[in-house]
Amino acid sequence: MVRAMEKYIRTGVKATPFCPGCGHGILMNSILRALDELNMDMKKMLFVSGIGCAAWIPSPHFNGDTLHTLHGRALAFATGAKLYNPDLCVMVISGDGDLSSIGGNHLIHAARRNLDLKVVCANNMIYGMTGGQVASTTPKGFKSSTTGEGNPHRPFDLCKLVAAAGATYVARYSVTQPLALIQALKKAIRHVGFSFIEVLSPCPTQFGRRNLMDRPEEMIQDLLRRCISEEEAEGLAEKELSEKIITGEFEP
Amino acid sequence: MSEMRQVRLSGFGGQGIVLAGLLLGQAGVMEGKYVTGSNSYGAQARGSGCKSEIVFSDHPIHYPHLIIADILVAMSQGAYQTYDEEVKESGIILYDRGRVVPNMELNVKQLGVSATEISLKKLKNKQVANIVMLGALVETTGIVSPRAIRKAIALHIPKRFQALNLKAFHKGMELGKQINA
Amino acid sequence: MISRWIKSPFPKGVYYFSGNEAAAEGAIAAGCRFYAGYPITPSSEIMERMAVRLKEVGGIFIQMEDEIASISAIIGASWAGAKAMTATSGPGFSLMQESIGYAAFTETPCVIIDVQRAGPCTGQATRVGSGDIMQAKWGSHGDYQVIALSPWSVQEMYDLTLRGFNLSERYRVPTLVMSDEAIGHLRENLSIHSKVEIWDRKKKRGRPPFGTEEEGGVPPMPAFGEGERLLVTGSTHDAFGFRKTDDPEVHSRLVDRINQKILRNRTEITETEDYYLEDSERAMIAYGFTARTSLYVVHQLRKEGRKIGMLRLKTLWPFPEEAVTTLGKRVKKVIVPEMNLGQVAGEVKKFCACEVISLHQTNGEVIGPETIMEMLKKI
């Protein structure tokens, strides 16, 4: 972490707990830069997270109020805190399994209510902390510790899901697109209503090594190659498109 | 505990049995009595068997449910047949004439009240048969005062229906006077 | 920490309320300003009244997507500074268990009313039971404490919900009001006085929110947004909230403390009532609705000159073991009637030296006087 961001880090916190090659450090940095560029008051920031690697991005590292909750329930806890104290800027930072699988019901209902919550979903397409089991976001055919022959099921398109449920700011970026990601985070923070940013974050430890991307840079290269904008996607053949991940803003 | 009086109102869902019980219990509390009230009904909101039981006493009530009725009100044949034998010998049964064919062999005072008929014909509204019956009940048994019932109606009935309900209550009292005479 | 007296938010008077309505009014009187819930028979009237009343007193009401969300939202609101509550019944109470453990471990004040119905499972949704008593104590995993109260009247639905909030704030512990369908739906006289005594959580800037040197002590609890940069987690944590997930000493100290702060204050928390126990040879131990039936029977038998009495448990958890132990030394037989297969009887057996007879019924109906009379005759 660069020195400039140090004031946002809780006293006593030394290193992050993330594995080498994990994308969550880049995401952490991007969130703090967005907060810094908007000159946000950390005393009015509440960071809520669930269970999993991404839930450790704010807790204990961020120097605001942090609420590290139960698996899947971050949005429900956040809803209570925000409703009772609307002066808080409430940001929910958690993983794909936490927010969209065990917490899927809370996700669609929070989006439907359009309550002013800023949701950052770190999507590594796998259950990282528990040992690399298949997730609701694992692409079809990819391997995990519970799908040795490849995932037989389709993944969620999280952005389409929350947009359909009523979220009013929706974007997807990869940690390989940090500048665009910071801009999106700033928009989400300024937006009044339910905002959702899906952030693709590589997990070489659990996802990469099972899917022929053992080395961190291979996962970064893969994201760089696959992430394209909506404009770039236009005119691509279906087969070509099926390998790509479309990034950008989808709502409003 | 001779001062204890136990009332069972019975019929089917949609007849306003629970509302009549609420007004009766509320009136008792307004008069300074100790009252307990409990209802039971089937899972569906309309049509299944329904009862409302109210216990009145001058002292705190230990067991809050009805043990044996001093007064039974039956608004349907089914309700009458279910509860007609669970009335004290000194008690009284009021049944909705036209809906209930009474068993005259019972060794209990029984009064027929044309509650549904009056509600339909005189008040042009089948929804207030319960309140007509309540009027007859108050007149014939003196369980609570008419004044307390009027106060309870003012508290619990939406404004736009209050006049109708008061009218129904007074019709019921008139009816009570006639049949008790 | 001291209590204060405030003007009752509801006008002084005698009302004809249902137990569920009274519970909502007790919560409002206690200062509850946040409610999150999900519909379930036979508790829904509490939520319906809270929706109306919170609007009138400037509080927040939300109907959530399920019971897990409901209890999670009240814990979030509690950390934002609210006195918060939810209400439910058996199936919803089961769903809430993980979050109840979270509230106990993070020392979050909150009140949960369980209007018990006939279980297990969906069981008889509109019928009465008291099968959740052990679940109230042991429903979430790990070793923790809650406070559980048992109202026997409409008046106590008000009084004990109010007291539940006060205890929850004082001891920073989830407090459960273990009501049942018969009390929740019963209508009865409810007296509301002009003033009510309320307790608030204590605050102290800069002090650790999850630790105290005082034995049986309760640490102060700041709220989000007060500049304390709180670190709240359901993982094992030190006094300032830092996760310590592989330090055996931190873990055992924390588990011990959240248990001891309730157990050491047991005499302050638990309440019981004695009826005719001075010369009784036999005694009933009863709680909730069944204590009403039991007292009725005891009165009848006293008229016949029988030496029988009753101990009523107003608090179920922590278990009033001193009162039960004393009774067990004084009488020859203890009879425990309840609407489950002997959940509290089992607990009574742990502390009573004399013979303990469990008298149980699980048919979805209240235990009536005749049933108890007949069972007593057989003994």
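Let me begin with one term: two strands pair if DSSP finds at least two bridges between them. Keep that in mind while we look at this structure, which is a predicted model.

So, where do we find such a pair? Go to the place where chain B meets chain C. Strand β2 of chain B, residues 34-41, pairs with β10(C) in the antiparallel sense, over two bridges. If you want a spot to click on, try B:G37, whose bridge partner in β10(C) is C:R187.

Now let's widen the view to the whole contact between these chains. Chain C brings 20 residues and chain B brings 19 residues. Together they bury about 1700 Å², and carbon and sulfur atoms give 62% of that area. Three residues are worth finding here: C:Y16, C:N189 and C:Y296 supply 37% of the area that chain C buries against chain B, more than any other three residues.

What holds charge against charge here? There are zero salt bridges between chain C and chain B, but six residue pairs are in polar contact, both residues at pLDDT 80 or more. On the chain C side, the elements giving two or more residues are β2 (13-18), β10 (187-192) and α10 (288-303). The largest share, eight residues, comes from α10(C). By type, this side of chain C divides into ten nonpolar, six polar and four charged residues.

Let's turn to chain A and chain C. This contact takes 32 residues from chain A and 34 residues from chain C. The buried area is about 2900 Å², with 60% from carbon and sulfur atoms.

How many salt bridges are there between chain A and chain C? The count is one. The partners are C:E65 and A:R113, and their closest N and O atoms are 2.5 Å apart. Alongside that, 18 residue pairs are in polar contact, again with both at pLDDT 80 or more.

Which parts of chain A do the touching? β2 (65-68), α2 (74-84) and α4 (104-113) each supply at least two residues of the side that touches chain C. Of the elements, α2(A) gives the most, with seven residues. That side of chain A divides into 13 nonpolar, 13 polar and six charged residues.

And our opening term comes back. β2(A) pairs with strand β12 of chain C, residues 231-233, in the parallel sense over three bridges. To see it on screen, look for A:H68, which stands opposite C:T233 in β12(C).

Thanks for listening, everyone!

Methods:
Residues are numbered from 1 along each chain as its sequence is written. Chains are lettered from A and ligands numbered from 1 in the order in which they are written. This is a predicted model: local features need pLDDT of at least 70, side-chain atom pairs count only at pLDDT 80 or more; totals for chains, interfaces and linings use all residues. Side-chain values use heavy atoms; hydrogens and water are left out. Contact means heavy atoms within 4.5 Å. Buried area is the accessible area (1.4 Å probe) that two parts lose on being put together, summed over both. A salt bridge is a side-chain nitrogen of Lys or Arg within 4 Å of a carboxyl oxygen of Asp or Glu. A polar contact is a pair of N or O atoms within 3.5 Å; within protein, one must be able to donate a hydrogen and the other to accept it, and residues adjacent in sequence count only if both atoms are side-chain atoms. Helices (H or I, at least four residues) and strands (E, at least two) are DSSP runs, numbered from the N terminus. Ala, Val, Leu, Ile, Met, Phe, Trp, Tyr, Cys and Pro count as nonpolar, Asp, Glu, Lys and Arg as charged, and the others, Gly among them, as polar.
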